[in-house]
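Student: I am new to this structure and would like a close look at a single part of it. Could you take me through that part slowly and show me how it connects to what surrounds it?

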Amino acid sequence: MSWLDTHSKSGKQFSLGIVSVSAEPEINLIPFIDVLLVVLIFLMISTTFTRYQELAITLPTASGVESQAESKQVHIAVSRDGRFAINGKVTDSSQLSNALTQLGSKESNLQVNIDADAKAPHQSVMTALEAARDANLSNIVFSSQTKK
C-alpha cells in the first residue's frame, strides 16, 4: 500500500505542498513607514530654518557708519540680566577669559564685538572688557543699532 492510496481514501484532497492561507486581516506597515519618513524629513528641514538666539538683547542706539573692515570677529553678547554668550554659546563669566584666549590663539588680529543689551549692567560690560584684555585682544568694538 502506497502513501497515495492511504491519503486518497481518507477523504482529504491531495495537495502538492501549497498550504491554503486563512483570510485573516493583516496590517500593512509599508505605507505607515512611508508617512513616518515624510514627517521625519519635514521636521528635520523645518528645524534647520529655525534659529534660536540664546540671549534676547536689545542693542543701544547710536548714529554712525558701519565699519567696512573685513576681519575675524568674535561676538560677546551681554544680556540685561548680566549673562554672557560667545558667538551664540552661553558662557559663564568665569570661563569668558579662557574662551577668548582660546579663540585668540587660533586667530591673530581678532576683533571682539561686544553686543551688550542697552539695559545690561555696567559691571557685566566691564567684565567682558577685562576678559578681552586678559586674552590680549585689543581690537574691541561695541555694537549698537541705528536710530530710526
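Tutor: What follows is a walk through the sheet and the helices that lie across it.

Please keep in mind from the start that this is a predicted model. The protein chain holds four helices and seven strands, and, read from the N terminus, these elements follow one another as α-α-β-β-β-β-α-β-α-β-β. Of the 148 residues in the protein chain, 21% are buried, and the chain exposes about 11,900 Å², of which carbon and sulfur atoms supply 57%. Among the contacts in the protein chain with a separation of 6 or more, 72% are between residues 24 or more positions apart.

The part to look at is an open sheet formed by five strands, which stand in the order 4-3-2-5-6 with mixed pairing. Strand 4 and strand 6 (139-142) stand at the edges, and because each has a single partner strand, one side of each is left without a neighbour in the sheet. On average, and with direction ignored, neighbouring strands of this sheet are turned by 30 degrees against each other. As general background, strands of a sheet pair through backbone hydrogen bonds, either parallel or antiparallel. Within this sheet, strand 2 and strand 5 (residues 111-116) run parallel and are joined by six bridges, and His75 stands opposite Asn113 in strand 5.

Now turn to the helices. Helix 3 lies across strand 2, strand 3 and strand 4, and runs at about 15 degrees to strand 3. Helix 4 lies across strand 2, strand 3, strand 5 and strand 6, and its angle to strand 6 is about 160 degrees.

Which residues of helix 3 (residues 96-106) are buried? They are Leu96, Ser97 and Leu100. These residues cover an arc of only 90 degrees around the axis, and therefore they are on the same side of helix 3. The cover over the buried residues of helix 3 includes strand 2 (73-78), strand 3 (84-86), strand 4 (89-91) and helix 4 (122-134). On the face of helix 3 turned away from its buried side you will find the exposed residues Asn98, Gln102, Ser105 and Lys106.

This brings us to the interior. In soluble globular proteins, nonpolar side chains tend to be buried together. Here the largest nonpolar core has 18 residues, of which Ile76, Val78, Leu96, Leu100, Ala128 and Leu137 touch the most other members. Strand 2, strand 3, helix 3, strand 5 and helix 4 are the elements that give two or more residues to this core, and the largest share, four residues, comes from helix 4.

Val78 is a good residue to follow through this region. Val78 lies in strand 2 and, because its relative accessibility is 0%, counts as buried. With its neighbours within four places in sequence left aside, Val78 is in contact with Ile57, Arg83, Phe84, Ile114, Asp115, Ala116, Asp117, Ala120, Ser124 and Ala128. Val78 and Lys119 are 41 residues apart along the chain, while their C-alpha atoms are separated by 9.6 Å.

Two of the contact partners of Val78, Ser124 and Ala128, can be followed in their turn. Ser124 lies in helix 4 and is buried, because its relative accessible area of 9% is below the limit of 20%. Apart from its neighbours within four places in sequence, Ser124 is in contact with Val78, Gly82 and Phe84. Ala128, again apart from its neighbours within four places in sequence, is in contact with Ile76, Val78, Phe84, Leu96 and Ile114.

Finally, consider two residues in loops. Most residues other than glycine have a negative phi. Asn87, in the loop between strand 3 and strand 4, has a positive phi, near 50 degrees, although this residue is not a glycine. At 44% relative accessibility, Asn87 counts as partly exposed. Asn136, in the loop between helix 4 and strand 6, is likewise not a glycine and has a positive phi of about 60 degrees. At 71% relative accessibility, Asn136 counts as exposed.

Methods. Residues are numbered from 1 along each chain as its sequence is written. This is a predicted model: local features need pLDDT of at least 70, side-chain atom pairs count only at pLDDT 80 or more; totals for chains, interfaces and linings use all residues. Side-chain values use heavy atoms; hydrogens and water are left out. Buried means under 20% relative accessible area, exposed over 50%, partly exposed in between (1.4 Å probe, protein chains only). The arc is that of the directions from the helix axis to the C-beta atoms. Contact means heavy atoms within 4.5 Å. Two strands pair if DSSP finds at least two bridges between them. Axes are lines fitted to C-alpha atoms, for helices over the stretch in contact, and angles run from 0 to 180 degrees between N-to-C directions. Accessible areas come from the Shrake-Rupley method with a 1.4 Å probe; for residues, only the protein chains shown count as cover. A nonpolar core is a set of buried Ala, Val, Leu, Ile, Met, Phe, Trp, Tyr and Cys residues joined through side-chain atoms within 4.5 Å.
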